[in-house]
Amino acid sequence: MLRLPPQTPDAAVIDARDLVKRFDGMTAVDGMSLQVGRGEMVGLIGPNGAGKTTLFNLIAGTLKPTSGEIRIGGRDAAQDRPEQRIGLGIGRTFQIPRPFLDMTVLENVLAGAQRQDGESLFANFLRLAHVRRQERAAVEKARALLAFVTLSHLEHEPARVLSGGQRKLLELARILMADPSAILLDEPAAGVNPALLETIIERVLQLNAGGTSILLIEHNMDMVSRLCSRVVAMAIGRPLAEGTPAEVARNPAVIEAYLGAMA
């Protein structure tokens, strides 16, 4: 189900270097570098306002950097649009999921399919049998992904009936339709009940074990410690510390940054 795009030897799946992003004189990301290797799971932490989501947006292509370099699988992607990043194997979730509320759960997953010939009017007329086979394969794949995220029983329900945690699982299934080699997870634990959180953790671990690289923003340090072998901390847009979860958690600069944010 999951594919890995062509990479140069030893190239990181995600390689961001010296990224800067300014908004009307305010610097949200200030010289941030971060690498995620093939099959690696990396945690990105920092107090509110540290610039984590802006960094995600830069990597996902929602924002263009003021300066700096972004390479995806060894390819220069700094100016690529979000849909081009998806084509390079980058999937991204949001802290607050954005399902199509009036569409069914199954239709939401199908919306994540890429490179469908049925989107072309020309192909619909001239290659009807091929388009229908492709559509059937997409439905089968979507149903398999719904089973993976434990939402099969809701496939015909509108997405509006889902809980917050179920919407996060739905968003994960929709991203997986594009066969990403790396997924940016934005606070998957936020607002999720403990039972569904365990499901999310289990599925993320399975994806990572299958070779998918994960970059995770999360305030739940217990979850970060369970999932990530390496953690990068940032504050006021700048790199602060890097190491194992235990090393970063006891780093004086990290403690000071969190205490200062709380104050």
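In which loop is D179 found? Keep that one in mind while we look at the whole chain; what you have here is a predicted model.

Start with the overall make-up. The protein chain contains 10 helices and 10 strands. Half of the story is inside: 50% of its 263 residues count as buried. If you look at contacts with a separation of 6 or more, 67% of them come from residues 24 or more positions apart. On the outside, the chain exposes about 12400 Å², and carbon and sulfur atoms supply 54% of that area.

Now zoom in on one sheet. It's an open one, built from four strands in the order β2-β1-β4-β5, with antiparallel pairing. The edges are taken by β2 (26-36) and β5 (75-76), each of which has a single partner strand, so one side of each is left without a neighbour in the sheet. Further in, β1 (residues 14-23) runs antiparallel to β4 (residues 67-72), and five bridges pair them. To find one of these partners by eye, go to V20 and look across to S67 in β4.

Back to D179. The loop in question lies between α6 (164-176) and β7 (182-186). Its backbone is worth a look: D179 has a positive phi of about 55°, although it is not a glycine. D179 has a relative accessible area of 15%, and because the cut-off for buried is under 20%, D179 counts as buried.

I236 also has a positive phi, near 45°, and is likewise a residue other than glycine. You'll find I236 in the loop between β9 (230-235) and β10 (238-243). Here the side of the story is the outside: with 61% relative accessibility, I236 counts as exposed.

Notes
Residues numbered from 1 in each chain as written. Predicted model: local features only at pLDDT ≥ 70, side-chain atom pairs only at ≥ 80, totals over all residues. Heavy atoms only, no water. Pairing = 2+ DSSP bridges. Helix = DSSP H or I, 4+ residues; strand = E, 2+ residues; numbered from the N terminus. Buried < 20%, exposed > 50% of the residue type's maximum accessible area, 1.4 Å probe, protein only. Contact = heavy atoms within 4.5 Å. Areas by Shrake-Rupley, 256 points an atom, 1.4 Å probe, with all protein chains shown as cover.
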